[in-house]
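Please examine the sequence and the three-dimensional structure shown here before reading the report.

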Amino acid sequence: MNASTGTGPVDSTAFYDAAGEHHPEGSTMLGFWLYLMSDCLIFAALFATYAVVGRNYAAGPSPKDLFDLPLVALNTSMLLFSSITYGFAMLEMEKGYLARCQLWLAVTGLFGIAFVGLELYEFQHLIHEGATPQRSAFLSAFFTLVGTHGLHVTLGIVWLTTLMVQVHRRGLVPENKRRLLCLSMFWHFLDVIWIGVFTFVYLMGVLQ
(Lines give C-alpha, C1' and ligand atoms only; values in the text may rest on other atoms or scores of the structure.)
Protein backbone atom coordinates (compact mmCIF):
# COMPACT_ATOMS: atom_id res chain seq x y z
CA MET A 1 0.00 0.00 0.00
CA ASN A 2 1.03 3.61 -0.46
CA ALA A 3 2.55 5.01 2.74
CA SER A 4 0.43 8.17 2.67
CA THR A 5 -2.95 7.05 1.29
CA GLY A 6 -3.05 3.37 2.27
CA THR A 7 -3.58 2.28 -1.34
CA GLY A 8 -1.39 1.44 -4.30
CA PRO A 9 2.06 -0.11 -4.56
CA VAL A 10 5.02 0.93 -2.42
CA ASP A 11 7.98 2.56 -4.17
CA SER A 12 10.85 0.16 -3.42
CA THR A 13 13.47 2.79 -4.34
CA ALA A 14 12.45 5.13 -1.52
CA PHE A 15 12.16 5.04 2.23
CA TYR A 16 10.46 7.11 4.92
CA ASP A 17 11.71 8.52 8.21
CA ALA A 18 9.84 8.53 11.52
CA ALA A 19 7.83 11.58 10.46
CA GLY A 20 6.71 9.87 7.28
CA GLU A 21 8.73 12.15 5.01
CA HIS A 22 9.81 10.74 1.67
CA HIS A 23 13.53 10.16 0.99
CA PRO A 24 14.48 8.98 -2.52
CA GLU A 25 17.31 6.49 -2.88
CA GLY A 26 19.40 9.01 -4.80
CA SER A 27 19.55 11.35 -1.81
CA THR A 28 21.25 8.64 0.26
CA MET A 29 24.01 8.15 -2.31
CA LEU A 30 24.41 11.91 -2.82
CA GLY A 31 24.75 12.42 0.93
CA PHE A 32 27.34 9.67 1.14
CA TRP A 33 29.35 11.13 -1.74
CA LEU A 34 29.35 14.47 0.09
CA TYR A 35 30.65 12.72 3.18
CA LEU A 36 33.47 11.09 1.17
CA MET A 37 34.39 14.49 -0.27
CA SER A 38 34.63 15.92 3.24
CA ASP A 39 36.89 13.01 4.20
CA CYS A 40 39.03 13.78 1.15
CA LEU A 41 39.50 17.31 2.46
CA ILE A 42 40.55 15.98 5.88
CA PHE A 43 43.17 13.66 4.43
CA ALA A 44 44.33 16.33 1.98
CA ALA A 45 45.00 18.62 4.93
CA LEU A 46 46.87 15.86 6.78
CA PHE A 47 49.00 15.05 3.72
CA ALA A 48 49.76 18.76 3.25
CA THR A 49 50.77 19.08 6.90
CA TYR A 50 53.07 16.08 6.60
CA ALA A 51 54.61 17.52 3.42
CA VAL A 52 55.43 20.74 5.27
CA VAL A 53 56.79 19.33 8.56
CA GLY A 54 57.74 15.79 7.53
CA ARG A 55 61.48 16.56 7.51
CA ASN A 56 61.58 18.38 10.84
CA TYR A 57 63.19 15.65 12.91
CA ALA A 58 64.35 17.85 15.84
CA ALA A 59 67.64 15.90 15.92
CA GLY A 60 65.59 12.76 16.37
CA PRO A 61 65.08 9.63 14.27
CA SER A 62 64.20 9.91 10.58
CA PRO A 63 62.02 7.58 8.46
CA LYS A 64 65.09 5.56 7.52
CA ASP A 65 65.75 4.89 11.18
CA LEU A 66 62.19 3.89 12.05
CA PHE A 67 60.22 2.37 9.21
CA ASP A 68 60.21 -1.38 8.59
CA LEU A 69 59.21 -1.59 4.92
CA PRO A 70 58.61 -5.39 4.85
CA LEU A 71 56.16 -5.02 7.75
CA VAL A 72 54.44 -2.07 6.10
CA ALA A 73 54.26 -3.98 2.79
CA LEU A 74 52.63 -6.91 4.61
CA ASN A 75 50.15 -4.54 6.21
CA THR A 76 49.42 -2.96 2.82
CA SER A 77 48.69 -6.38 1.35
CA MET A 78 46.12 -6.99 4.12
CA LEU A 79 44.16 -3.90 3.09
CA LEU A 80 44.48 -4.64 -0.63
CA PHE A 81 43.23 -8.19 -0.11
CA SER A 82 40.32 -6.85 1.94
CA SER A 83 39.24 -4.68 -0.99
CA ILE A 84 39.37 -7.69 -3.31
CA THR A 85 37.30 -9.84 -0.96
CA TYR A 86 34.77 -7.02 -0.54
CA GLY A 87 34.46 -6.96 -4.32
CA PHE A 88 33.70 -10.70 -4.24
CA ALA A 89 31.03 -10.02 -1.60
CA MET A 90 29.39 -7.43 -3.85
CA LEU A 91 29.38 -9.87 -6.77
CA GLU A 92 27.65 -12.50 -4.63
CA MET A 93 25.20 -9.85 -3.42
CA GLU A 94 24.22 -9.04 -7.01
CA LYS A 95 23.64 -12.75 -7.65
CA GLY A 96 21.46 -12.99 -4.53
CA TYR A 97 23.70 -15.51 -2.74
CA LEU A 98 23.35 -14.42 0.88
CA ALA A 99 25.59 -17.05 2.50
CA ARG A 100 28.46 -16.47 0.06
CA CYS A 101 28.11 -12.71 0.46
CA GLN A 102 28.32 -13.06 4.23
CA LEU A 103 31.37 -15.31 3.92
CA TRP A 104 33.29 -12.78 1.86
CA LEU A 105 32.23 -9.97 4.17
CA ALA A 106 33.61 -11.96 7.11
CA VAL A 107 36.91 -12.52 5.27
CA THR A 108 37.06 -8.79 4.54
CA GLY A 109 36.58 -8.05 8.22
CA LEU A 110 39.39 -10.43 9.18
CA PHE A 111 41.79 -8.73 6.75
CA GLY A 112 40.73 -5.36 8.18
CA ILE A 113 41.38 -6.56 11.73
CA ALA A 114 44.81 -7.85 10.67
CA PHE A 115 45.60 -4.45 9.15
CA VAL A 116 44.64 -2.55 12.31
CA GLY A 117 46.50 -5.08 14.48
CA LEU A 118 49.74 -4.66 12.51
CA GLU A 119 49.36 -0.88 12.62
CA LEU A 120 48.93 -0.94 16.41
CA TYR A 121 52.00 -3.19 16.66
CA GLU A 122 53.99 -0.67 14.62
CA PHE A 123 52.84 2.20 16.83
CA GLN A 124 53.69 0.26 19.98
CA HIS A 125 57.16 -0.55 18.63
CA LEU A 126 57.86 3.08 17.69
CA ILE A 127 56.74 4.36 21.07
CA HIS A 128 58.87 1.70 22.80
CA GLU A 129 61.86 2.99 20.83
CA GLY A 130 61.14 6.52 22.07
CA ALA A 131 59.66 7.73 18.77
CA THR A 132 56.56 9.28 20.33
CA PRO A 133 54.34 11.94 18.71
CA GLN A 134 55.89 14.56 21.02
CA ARG A 135 59.45 13.78 19.83
CA SER A 136 59.34 15.86 16.63
CA ALA A 137 57.04 17.55 14.13
CA PHE A 138 57.70 14.65 11.75
CA LEU A 139 56.45 12.09 14.26
CA SER A 140 53.45 14.24 15.23
CA ALA A 141 52.38 14.47 11.58
CA PHE A 142 53.09 10.78 11.02
CA PHE A 143 51.04 9.54 13.96
CA THR A 144 48.18 11.90 13.10
CA LEU A 145 47.98 10.91 9.44
CA VAL A 146 48.44 7.16 9.87
CA GLY A 147 46.35 7.07 13.04
CA THR A 148 43.44 8.89 11.40
CA HIS A 149 43.45 6.35 8.59
CA GLY A 150 43.60 3.49 11.10
CA LEU A 151 40.65 4.98 12.99
CA HIS A 152 38.65 5.07 9.76
CA VAL A 153 39.44 1.40 9.10
CA THR A 154 38.36 0.53 12.65
CA LEU A 155 35.05 2.35 12.17
CA GLY A 156 34.68 0.55 8.84
CA ILE A 157 35.06 -2.81 10.62
CA VAL A 158 32.36 -1.81 13.12
CA TRP A 159 30.12 -0.74 10.23
CA LEU A 160 30.83 -4.00 8.40
CA THR A 161 29.92 -6.07 11.47
CA THR A 162 26.68 -4.13 11.92
CA LEU A 163 25.73 -4.69 8.28
CA MET A 164 26.45 -8.41 8.54
CA VAL A 165 23.99 -8.60 11.43
CA GLN A 166 21.38 -6.67 9.43
CA VAL A 167 21.87 -8.87 6.38
CA HIS A 168 21.54 -11.97 8.55
CA ARG A 169 18.25 -10.71 9.99
CA ARG A 170 16.63 -9.15 6.92
CA GLY A 171 18.44 -10.67 3.96
CA LEU A 172 19.58 -8.89 0.82
CA VAL A 173 16.71 -6.40 0.75
CA PRO A 174 17.20 -3.19 -1.30
CA GLU A 175 18.01 -1.17 1.82
CA ASN A 176 20.81 -3.53 2.84
CA LYS A 177 22.18 -3.60 -0.70
CA ARG A 178 22.33 0.18 -0.67
CA ARG A 179 24.14 0.16 2.67
CA LEU A 180 26.63 -2.44 1.43
CA LEU A 181 27.28 -0.29 -1.62
CA CYS A 182 27.99 2.75 0.56
CA LEU A 183 30.40 0.73 2.70
CA SER A 184 32.05 -0.57 -0.47
CA MET A 185 32.79 2.99 -1.60
CA PHE A 186 34.10 3.86 1.87
CA TRP A 187 36.32 0.76 2.02
CA HIS A 188 37.85 1.32 -1.42
CA PHE A 189 38.33 4.99 -0.56
CA LEU A 190 40.43 3.96 2.45
CA ASP A 191 42.39 1.63 0.19
CA VAL A 192 43.27 4.52 -2.14
CA ILE A 193 44.24 6.75 0.78
CA TRP A 194 46.52 4.04 2.16
CA ILE A 195 48.32 3.68 -1.18
CA GLY A 196 49.09 7.39 -0.87
CA VAL A 197 50.30 6.92 2.71
CA PHE A 198 52.50 3.97 1.76
CA THR A 199 54.05 5.80 -1.18
CA PHE A 200 54.34 9.31 0.22
CA VAL A 201 55.16 8.55 3.86
CA TYR A 202 56.84 5.16 4.01
CA LEU A 203 58.45 4.53 0.62
CA MET A 204 59.61 8.07 -0.12
CA GLY A 205 60.62 8.49 3.53
CA VAL A 206 62.98 5.53 3.39
CA LEU A 207 64.34 6.27 -0.11
CA GLN A 208 64.96 10.02 0.32
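The report below describes a helix, a buried histidine, a surface patch and some backbone angles.

This is a predicted model, in which local features need pLDDT of at least 70 and side-chain atom pairs count only at pLDDT 80 or more, while totals for chains, interfaces and linings use all residues. Residues are numbered from 1 along each chain as its sequence is written, and side-chain values use heavy atoms, with hydrogens and water left out.

**Helix H4**

Helix H4 covers residues 98–128. Helices are DSSP runs of H or I with at least four residues, numbered from the N terminus. The expected span of a helix is 1.5 Å times one less than its number of residues; for the 31 residues of H4 this gives 45 Å, which agrees with the 45 Å between its end C-alpha atoms. The buried residues of H4 (buried means under 20% relative accessible area, exposed over 50%, partly exposed in between, with a 1.4 Å probe and protein chains only) include Cys-101, Gln-102, Gly-112, Phe-115 and Glu-119. These buried residues pack against H2, H3, H5 and helix H6 (174–207), where contact means heavy atoms within 4.5 Å.

**His-149**

His-149 belongs to helix H5, residues 137–170. Its relative accessible area is 0%, and therefore His-149 counts as buried. Leaving aside residues up to four places away in sequence, His-149 touches Phe-43, Leu-79, Phe-115, Leu-190, Ile-193 and Trp-194. A polar atom of the His-149 side chain lies 2.9 Å from the backbone oxygen of Leu-190.

**A nonpolar surface patch**

Phe-81, Ile-84, Phe-88 and Leu-91 make a nonpolar surface patch of about 370 Å². Patches are made of residues with over 30% relative accessible area and no salt bridge (a side-chain nitrogen of Lys or Arg within 4 Å of a carboxyl oxygen of Asp or Glu); like charges are joined within 9 Å, and nonpolar side chains (Val, Leu, Ile, Met, Phe, Trp, Tyr) within 5 Å. Phe-81 is located in helix H3, residues 69–95, and is partly exposed because its relative accessible area is 42%.

**Positive phi angles**

Most residues other than glycine have a negative phi. The table lists residues with a positive phi.

| Residue | Phi | Place |
|---|---|---|
| Ala-58 | about 50 degrees | loop between H1 (25–53) and H2 (63–66) |
| Ala-59 | about 60 degrees | loop between H1 and H2 |
| Gly-130 | about 90 degrees | just after H4 |

Neither Ala-58 nor Ala-59 is a glycine. Ala-59 is exposed, since its relative accessible area is 79%.

Terms used: Helices (H or I, at least four residues) and strands (E, at least two) are DSSP runs, numbered from the N terminus. A polar contact is a pair of N or O atoms within 3.5 Å; within protein, one must be able to donate a hydrogen and the other to accept it, and residues adjacent in sequence count only if both atoms are side-chain atoms. Accessible areas come from the Shrake-Rupley method with a 1.4 Å probe; for residues, only the protein chains shown count as cover.
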